[in-house]
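Student: I have a new structure open on my screen and would like to talk it through with you. Could we start with the ligand site and then work outwards?

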Amino acid sequence: MTSTGAEHGASSEVGRLQTVMLHRPGNELKRLTPRNNDKLLFDGIPWVARAQEEHDAFAQALRDRDVEVLYLTELLTETLESEVARNHAITSALSGLHLGDTMRGYLARFLREASPAELTDYLTAGIRNDEVRGGFGLVTSLLDPHDFLVDPLPNLLFTRDSSVWVQDRVAITSLSMPARKRETQLTELIYTEHPRFRGTRKIHGWHSEYVEGGDVLLLGDGVIAVGVGERTTPAGVERLARQVFHADLAHTVLAVPIAQERATMHLDTVCTMVDVDKIVMYPNVADSLTAYAVTLAEGAESDAELTLRVADAEPFLVAAAKAMQIDTLHQIDTGLDPVTAEREQWDDGNNTLALAPRVAVAYERNDETNARLEDAGIEVVRIAGSELGSGRGGPRCMSCPVAREPLPA
Ligand SMILES: NC(=O)NCCC[C@H](N)C(=O)O
């Protein structure tokens, strides 16, 4: 089942969703405790069985709409059948650890003996000191039995952030928070070594300046908005712009400053596209959101040598409509009072996943936002998210579109 990757890709946020990559919550969530949840970027301790039920219902809602659901861990286990991929995965997982030679040597052997499925579990749920038998040395003795030797990755749930398809290429992102950095070792491995994706051309990379997928919105063919705030840096958006221009994947990148706060960690926490010319937006930022349009002034042999043109900041909706060459990008005004708006934004009311133009998945709990979306003619596919939401991410955050139908020209 080797492919060139040509059947994968996305050029908008709203073209009919054909294939999506999700991560069903697993053992990595069982690692969260009140002592580590802040560092691991969760706001609470989820009830894992219920989170799995909620996630299964989310996946089923997508399948009911003919969306092919791929699971990250299944892809990873299939990838790890290959000796090359296994060696690569083990080397990269161990390279960032400061555990000394005795423990590193022991862990290398321990991981090499694991089956592909076990290795997937170790790489995603992590390994605690008391879970390894052997390797007894100074490090084993002095670390707390419950310390992690390999950290768990509970935020794998948010597959949106660790890779983004732009046309027929996949951008391996560069995650800024220490708790998430290792995620892109796994997505890079899948897109490089899994037979389904072999041959897919890549851009960006985990070694590049910080760009997180939740900040990247494909507003329309050739127009990409990128939030710049707590996660994606100004240098990150510049690097991505250079790469998409060099590869001819876009003509305009809109750099959109957002507040550097947890509540607005990514652009998709304040706005998401629900139709070709409609965006749902957190009302408390709607009037102040701006964008700097970045275009190509002059080409060059390498992306680093391109000359970029940066326009003055304009209101986001104005800059977006200009770049998209439409009269108006309509903001769906949820019309909520600031307190209700703030509550529903926190619970990812604006973080919708479009399945097609005017059809979007949203958390059921955000009654008011969902009612306003329906008033605006959007079909809302409601899902439960009481447990899933404890990681502060909604349906868009929990999904990486791998293939969307192009929109009619
Ligand atoms: N695109 C998104 O907004 N993703 C949500 C990521 C939540 C995760 N707990 C994080 O803090 O990175």
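Student: Which residues come nearest to the ligand?
Tutor: Bearing in mind that this is a predicted model, there are 16 residues around the ligand, and of these Leu41, Gly214, His266, Gly393 and Cys397 come nearest.

Student: And how does that shell divide into nonpolar, polar and charged residues?
Tutor: The shell around the ligand holds 5 nonpolar residues, 6 polar ones and 5 charged ones.

Student: Let me zoom out, then. How is the chain divided into domains?
Tutor: Domain 1 is assembled from three stretches, 17-23, 36-70 and 154-404, whereas domain 2 is the single stretch 74-150. The C-alpha centres of domain 1 and domain 2 lie 31 Å apart.

Student: How many residues does the contact take from each domain?
Tutor: The contact between them takes 8 residues from domain 1 and 13 residues from domain 2.

Student: On the domain 1 side, where does the largest share come from?
Tutor: That share comes from helix α7, residues 183-193, which supplies 5 residues to the side of domain 1 that touches domain 2. By class, this side of domain 1 has 5 nonpolar, 2 polar and 1 charged residues.

Student: What about the chain as a whole, say how many helices and strands there are?
Tutor: The chain contains 12 helices and 20 strands, and its C-alpha atoms fill a box of roughly 65 × 50 × 40 Å along the principal axes.

Student: Why does the radius of gyration agree with a compact globule?
Tutor: A compact globule of 409 residues would have a radius of gyration near 22 Å, and because the chain has 21 Å, the two agree.

Student: On to the sheets. What is the strand order in the one with β1?
Tutor: That one is an open sheet of 3 strands in the order β2-β1-β20, with mixed pairing. Its edge strands, each pairing on one side only, are β2 (68-71) and β20 (400-404), and the twist averages 20° from one strand to the next.

Student: In which sense do β1 and β20 pair, parallel or antiparallel?
Tutor: Strand β1, residues 17-22, pairs with β20 in the antiparallel sense over 4 bridges, and Met21 stands opposite Cys400 in β20.

Student: Which helix lies across β1 and β2?
Tutor: It is helix α2, residues 72-79, and the helix runs at about 60° to β2.

Student: Now the sheet with β11, what is the order there?
Tutor: Here 3 strands form an open sheet in the order β11-β12-β16, and the pairing is again described as mixed. The edge strands are β11 (271-275) and β16 (330-333), each of which pairs on one side only, while neighbouring strands of this sheet are turned by 35° against each other on average, direction ignored.

Student: And how many bridges does β12 share with β16?
Tutor: Strand β12, residues 278-281, pairs with β16 over 4 bridges in the parallel sense, and Lys278 stands opposite His330 in β16.

Notes:
Residues are numbered from 1 along each chain as its sequence is written. This is a predicted model: local features need pLDDT of at least 70, side-chain atom pairs count only at pLDDT 80 or more; totals for chains, interfaces and linings use all residues. A residue is near a molecule or strand if its C-beta atom, placed from the backbone, lies within 6 Å of it. Ala, Val, Leu, Ile, Met, Phe, Trp, Tyr, Cys and Pro count as nonpolar, Asp, Glu, Lys and Arg as charged, and the others, Gly among them, as polar. Domain bounds come from an automatic or database domain assignment. Two residues are in contact if their C-beta atoms, placed from the backbone, lie within 7 Å. Helices (H or I, at least four residues) and strands (E, at least two) are DSSP runs, numbered from the N terminus. Two strands pair if DSSP finds at least two bridges between them. Axes are lines fitted to C-alpha atoms, for helices over the stretch in contact, and angles run from 0 to 180 degrees between N-to-C directions. The radius of gyration is taken over C-alpha atoms; the globule rule is 2.2 Å times the number of residues to the power 0.38.
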